[in-house]
Structure formats: structure tokens, C-alpha cells
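The following exercises concern a pocket and an aromatic contact. Please work through each task before reading its solution.

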Amino acid sequence: MSYQSDEEQVQLLKNLWKDYGQPVVLGVAMTLAAVSGYQYWQKTQQQEIAEASSLYQNLLDTISNGSSLEQQAQLSAPVTEEQKATVSHVVSSLQKDHGSSQYAAFATLFLAQQQVQDNQLSAARASLEWVLAQKPSVEIQTMASVRLARVLISESSGNGQQALDILTRLNAGKSYEATVESAKGDAYLALGDRKQAETAYRKAVDAAGLNRPLLQLKLDDLAALAPQEG
């Protein structure tokens, strides 16, 4: 059911009142109100998505010349103080006005990456905890959880159990198994459990299905630390 204007709706109600009386008019009026309410909600959602997308694009334009924030993070390109101020402002706006959007989550993940590079571990932890508090998609939840676990371990080896608890609660699926197991290995190592660390690293290697030099280096380090036999 679609009506072009308020005037047409009013005229329709008048005609129905004349022909059928109050019960039918009330039913039609309620239907029209529901349709109008849904259309208003749709329009509002579209506006919010467009605004969040525009803010996110501003962030991309500012720091990465059009590449994604993940690509920019992998490149580890230096970010100027002016760019950092822009990132902070845009992330704050996205969190405040569009907190449930994926744009806010991805922007905050990038902010956390920059905070780690600047050794602002407490700020990075807060950023990652904010992402998780929004109950994001499984993919974003996995990324944020793994990074939070690593930040906790970097803050203190005494956080090893907390990091392991975060990783154990994840239900990320096969796609992220290598990443999660690798982080679990780091957590076990922080706890001083070399045997469990080695098991986790080997699971990560098997799940990756290809050469992972960093994982192999961790396994080599564990082997070097093992007591000599004979």
C-alpha cells in the first residue's frame, strides 16, 4: 500500500468514513500510521548510514589516500600529529553518533592500532573494550578480542590468564583458527606454560596451512628453551 501525499491519505479516510463508518476508518488509519512510521524509520536509518559512511571516508582520505584502514595498518605508515588529531575527532564522532555501525568499529580498531604503535597500551585497551561492548559481528569481535589479548599481555605477563579467558570464549570458526591459536600460545607463554604454548603454536601452523615464519620462530625459541636431554 502506497500513498503519495498526506492530502491523499486524508481524502481516503474521509471517503471511507462516509461509505463504511468508524471501524473501517480506524483500521485503515492504523495501517497508514504503521506504514508512515516504517517509512520514517527507513529514511532515518539511511541518513544515519550515509552520515557514518561520510565520516569514515573522511578518515580514509585523511590518512590513507583511499586504501582501507586495515591495509594502512599493515603498511605501518607513519601518521602525523595532525592526522592523529583528525583520527581522534572522527572516531569520537562515530562512537557518539553512530556507535552501532561497523564504520565506528573499524575506525576504533584503527585508532587502537595507532595507540599500540605509540605505546599507549591503556588507551588501546579502552578502545578495544569499547568495540567489544557494542556487540559487533563475529569477524570484528574476533579481531578486537585477539588484539585486546595481545595488548593485555604486552601490559603485563600477569595478564596472561585474562588474555587466555578472552580467547577461550571466542567462537570464531576455522577462518580465524590460526590467529586465535597463535594468540593463545602467547598467553600460555606469559603464564609460563611452554608445553601448552607449543601445542597452541602447532595448531596455529596446521590451521594456517602455509609457511608462517613468525610462528616457526616462536616454536624454535621454545625448542631452544627446552631442557637438554642426555
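**Exercise 1. The pocket**

Task: For this predicted model, state how many residues line the largest pocket and which of them lie nearest its centre.

Solution. The lining of the largest pocket consists of 21 residues. Nearest its centre lie Gln113, Val146, Arg147, Arg150 and Thr179.

Next, assign the lining to secondary structure. Two or more lining residues come from each of α5 (102-117), α6 (121-133), α7 (138-155), α9 (177-190) and α11 (213-225). Helix α7 supplies the largest share, with 7 residues.

Then sort the lining by class: 12 residues are nonpolar, 5 are polar and 4 are charged. Finally, the volume of the largest pocket is about 560 Å³.

**Exercise 2. The aromatic pair**

Task: Determine how the rings of Tyr56 and Tyr103 are arranged and which helices hold the two residues.

Solution. A pair of aromatic rings is described by the distance of the centres and the angle of the planes. In this model the count comes to 1 aromatic pair. The ring centres of Tyr56 and Tyr103 are 5.4 Å apart, and the planes meet at 50 degrees. Planes under 30 degrees apart count as stacked and those over 60 as edge-to-face, so the pair is tilted.

Next, locate the partners. Tyr56 belongs to helix α2 (residues 22-63) and Tyr103 to helix α5, so the pair ties together parts that are 47 residues apart in sequence.

**Exercise 3. Accessibility**

Task: Decide whether Tyr56 counts as buried or exposed, and classify Tyr103 likewise.

Solution. Buried means under 20% relative accessible area, and exposed means over 50%. Tyr56, at 13% relative accessibility, therefore counts as buried. Tyr103 has 28% relative accessibility and so counts as partly exposed.

Conventions:
Residues numbered from 1 in each chain as written. Predicted model: local features only at pLDDT ≥ 70, side-chain atom pairs only at ≥ 80, totals over all residues. Heavy atoms only, no water. 1 Å grid on protein atoms, 1.4 Å probe; cavity = no way out; pocket = protein on both sides within 12 Å on 5 of 7 lines; lining within 4 Å. Points joined across faces, edges and corners; volume = space filled by probe spheres on them. Helix = DSSP H or I, 4+ residues; strand = E, 2+ residues; numbered from the N terminus. Nonpolar A, V, L, I, M, F, W, Y, C, P; charged D, E, K, R; others polar. Phe/Tyr/Trp six-rings, centres within 6.5 Å; stacked < 30°, edge-to-face > 60°. Buried < 20%, exposed > 50% of the residue type's maximum accessible area, 1.4 Å probe, protein only.
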